[in-house]
Amino acid sequence: MVYDFDDSGGALNVPADRRVLECGCGALRAGVHFISHLEPDRYWGLDVDELSLRAAIQYEVPVNGLVHKRPRFLLTDSFEHARLPRGARAGGGGGVLAAL
């Protein structure tokens, strides 16, 4: 199931026990909301930009108190499905979120 993130209302319609794969997660503008809402080990973020992922991992996750949620990240320049976690599939690119 694919969800478009709408940050205007602050409500998430993704069940907390689902897995979320964010393609093009960047520095987690939307990701922090999903990570905080989801159960631990349920968020995967992919991006092509190493600096954005470093900002997400080294700043956004700890500053927002999300280390205990254990989000996972993958630096990839091709969004290869072979490198994704077992059972994961991308719903599209450009910030599209897929709840698995």
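**Salt bridges and a buried isoleucine**

A network of salt bridges links Asp41, Arg70 and Arg72. The model described here is a predicted one. In total, three salt bridges are counted, and the paragraphs below take them in turn before moving to a residue of the interior.

The first pair to consider is that of Arg70 and Asp41, whose side chains meet in a salt bridge with an N to O distance of 2.8 Å. Arg70 belongs to the loop between α2 (50-63) and β4 (72-75), while Asp41 belongs to the loop between α1 (31-37) and β3 (43-47), so this pair ties together parts that are 29 residues apart in sequence. Neither side of the pair needs to be sought in the interior: Arg70 has a relative accessibility of 44% and therefore counts as partly exposed. Asp41, with a relative accessible area of 28%, is likewise partly exposed.

Asp41 also forms a salt bridge with Arg72, and here the closest N and O atoms are 3.3 Å apart. Because Asp41 sits in the loop between α1 and β3 and Arg72 in strand β4, the pair ties together parts that are 31 residues apart in sequence. Arg72 has a relative accessibility of 38%, which means that it counts as partly exposed. Asp41 thus takes part in a salt bridge with Arg70 and in another with Arg72.

The remaining pair is set within a helix. The side chains of Glu50 and Arg54 meet in a salt bridge, at 2.8 Å from N to O. Both residues lie in helix α2, where they are four residues apart, or about one turn of the helix. Glu50 is partly exposed, its relative accessible area being 40%. For Arg54 the corresponding value is 41%, and this residue is partly exposed as well.

Attention may now turn to helix α1, in which Ile35 has its place. Is Ile35 buried or exposed? Its relative accessible area is 1%; since buried means under 20%, Ile35 is buried. Which residues surround Ile35, once its neighbours within four places in sequence are left aside? Ile35 is in contact with Leu28, Tyr43, Leu66, Lys69, Pro71 and Phe73. One of these partners, Leu66, is 31 residues from Ile35 in sequence, yet the two C-alpha atoms are 7.0 Å apart in space.

Key
Residues are numbered from 1 along each chain as its sequence is written. This is a predicted model: local features need pLDDT of at least 70, side-chain atom pairs count only at pLDDT 80 or more; totals for chains, interfaces and linings use all residues. Side-chain values use heavy atoms; hydrogens and water are left out. A salt bridge is a side-chain nitrogen of Lys or Arg within 4 Å of a carboxyl oxygen of Asp or Glu. Helices (H or I, at least four residues) and strands (E, at least two) are DSSP runs, numbered from the N terminus. Buried means under 20% relative accessible area, exposed over 50%, partly exposed in between (1.4 Å probe, protein chains only). Contact means heavy atoms within 4.5 Å.
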